[in-house]
Amino acid sequence: MPPRIFVPRDAGALAVGAEAVARALRAGVERRGVAVEIVRTGSRGLYWLEPMLEVETAAGRIAYGPVQAGDVEPLLEAGLLAGGEHALRLGVPEEIPFLKRQTRLTFARCGLVDPLSLEDYAAQGGWRGLSRALAANPTEIVETVVRSGLRGRGGAGFPTGIKWRTALEAAGARKFVVCNADEGDSGTFADRMLMEGDPFSLIEGMAIAGIAIGAAEGYVYIRSEYPHAIEVMRSAIALARRAGCLGRTVLGSPHAFDLEVRVGAGAYVCGEETALLESLEGRRGQVRARPPLPAHRGLFGCPTIVNNVLSLAAVPFILAEGAAAYADLGFGRSRGTMPIQLAGNVRRGGLFETAFGLTLGELVDEVAGGTASGRPVRAVQVGGPLGAYFPRALFDTPFDYEAFAARDGLIGHGGVVIFDDSVDMARQARFAMEFCALESCGKCTPCRIGSIRGTEVIDRLLRGEGDRAGQLALIADLCETLKFGSLCALGGFTPYPVMSAIRHFPEDFEASRGAVAAR
Ligand SMILES: Cc1cc2nc3c(=O)[nH]c(=O)nc-3n(C[C@H](O)[C@H](O)[C@H](O)COP(=O)(O)O)c2cc1C
Ligand code: SF4
């Protein structure tokens, strides 16, 4: 067998030149008349080292990065194919501290395998969870997921097994499994990375969900900004169908389950599950009032579970290894692992999957290595655009749903966006209000009108108009109305970034006076 070189084709790696590296590599080995197999993989998630390529040697895989096309010739000259020495040589990938410190369950195969190789998937433990599910009855599958303690990774942290139980018990001749791959949160990319790097794990998770609740059809709703993920998912579904892993007789069983990809409508609110269902049905993405719950009456009025990519992709491991193998990891009521995404002004940005419980400070200072600018970290926004800003004083908060909630924050989809000391927190607060105004679906008044009034009040404050204490009281009052009067979390959680900025960084609401007028 010719030696193998692994080059990622994940969108994050492509953005920094992975395609040119693959081309240069192909040309270089052809010129030398050497037979080499170039395998395109997902990313390991060490984005500051992308494009990172790996060579299979007698001593295992050896990584090099970040490699540019112009580095390929010198690398080949230095004996790349045998793992030769070079300034870009990183050594055994699993020994790189960022990777070594992780517990990879959901992302175990990502970056290792060819995402569209069914052989690779099966060789790395794929379809074992689905086989177990097919040998069990629906209640046993659902109760296994309940016992695992898995909570939704899309933002709300709702127990996945309880949602499945509700859909299983709901009466309906037709039911649906919907995967929420709208991934709109700032600084997040785990869904994309998983779909591009290990799409069969999501397909397997959705098939298990279908068998558990009695659904024969599923949709993956992917944001339109993810063309590579859309392409990989479509190809993977076609391959899985051809191999009998999807279709009328899943893995040769009497169970039917099939999937289709739907491309998102391009609004942040389309990630909210009921707006997503509206969009899937061909209407404008507007939030539905609850009840009924989607698990009772969802897509086309049928019982439907909507789950995030990461929730569904965690399920094959749980079925294959047992609920305890997952539940044994974690902290408090946050069980298992969380794929955390480190982004923003960050030295080592990427995907870090770990058991819950690491503190925010450990993540920011030790794992991420602080800022890319080298300046001190001043604020960290956790949980997307609706998440709170945490100052260094709160860096002892463990990564855990309840611990963040206790400090008026949320972990959401696991996005951690780092800011250095040049950040203007008043501007960030204004941005949060403006974001809510721009993305509001318009269904309820506090969000539709309140967010615009909120932006205006912050502008007045920053221009130094009126009395400062009065303006701040007005913002706090407005945030109360948004929090308790909004129909969904877009309006309901906008107070988190706004009020945390005011509470933890009050000096910026003095210093920035006039900033808006000046811009
Ligand atoms: C404004 C808004 C945007 C959301 N965007 C997403 C999203 O992009 N992806 C996601 O999985 N969940 C998103 N959610 C959460 C979903 O409504 C829902 O809770 C989730 O898809 C359920 O899956 P889970 O239980 O597996 O987390 C959003 C919620 C709101 C209010
Ligand atoms: S809070 Fe905003 S986005 Fe949510 S339903 Fe109300 S108007 Fe729509």
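This report walks through the two ligand sites, a salt bridge and some unusual backbone spots in a predicted model.

## Ligand 1: where it sits

Let's start with ligand 1. The space it takes is the largest pocket. There are 19 residues around ligand 1, and the ones that come nearest are Gly154, Asn180, Asn307, Asn308 and Ser311.

If you sort that shell by class, you get 9 polar, 6 charged and 4 nonpolar residues. Two secondary-structure elements, strand S9 (304-308) and helix H20 (489-493), chip in with at least two residues each. S9 gives the most, with 3 residues.

## Ligand 1: polar contacts

Which side chains put a polar atom 2.8 Å from an oxygen atom of ligand 1? Asn307 is one of them, and Asn308 has a polar side-chain atom at 2.8 Å from a ligand oxygen too. Val306 joins in through its backbone instead: an N or O atom there lies 3.4 Å from an oxygen atom of ligand 1. As for overall cover, ligand 1 has 600 Å² of accessible area on its own, and the protein covers 92% of that.

## Ligand 2

On to ligand 2, where the space taken is the largest cavity. Here 13 residues surround the ligand, with Cys441, Lys443, Cys444, Cys447 and Cys488 the closest. By class, the shell around ligand 2 splits into 8 nonpolar, 4 polar and 1 charged. If you're tallying classes yourself, note that Cys counts as nonpolar here.

## A salt bridge worth a look

Searching the whole structure turns up 42 salt bridges. One pair to pull up is Glu54 with Arg44, whose closest N and O atoms are 2.8 Å apart. Glu54 belongs to strand S3 (residues 53-57), while Arg44 sits in the loop between strand S2 (37-41) and S3, so the bridge ties together parts 10 residues apart in sequence.

## Backbone oddities

Now for the backbone. Where do the cis peptide bonds at Pro291 and Pro292 turn up? Pro291 lies in the loop between helix H12 (273-280) and S9, and Pro292 lies in the loop between H12 and S9 as well. The bond from Arg290 to Pro291 is cis, with omega near 0°. The bond joining Pro291 and Pro292 is also cis, with omega about 5°. S9, at one end of that loop, is the strand that gives the most to the shell around ligand 1.

Finally, check Trp127 on your Ramachandran plot: its phi is positive, about 70°, although it is not a glycine. You'll find Trp127 in the loop between helix H5 (118-123) and helix H6 (128-135).

How values were computed:
Residues numbered from 1 in each chain as written. Chains lettered and ligands numbered in written order. Predicted model: local features only at pLDDT ≥ 70, side-chain atom pairs only at ≥ 80, totals over all residues. Heavy atoms only, no water. Near = heavy atom within 4 Å. Polar contact = N/O pair within 3.5 Å; in protein donor to acceptor, adjacent residues only side chain to side chain. Areas by Shrake-Rupley, 256 points an atom, 1.4 Å probe, with all protein chains shown as cover. 1 Å grid on protein atoms, 1.4 Å probe; cavity = no way out; pocket = protein on both sides within 12 Å on 5 of 7 lines; lining within 4 Å. Sits in = over half its atoms within 2 Å of the grid points. Helix = DSSP H or I, 4+ residues; strand = E, 2+ residues; numbered from the N terminus. Salt bridge = Lys/Arg side-chain N within 4 Å of Asp/Glu carboxyl O.
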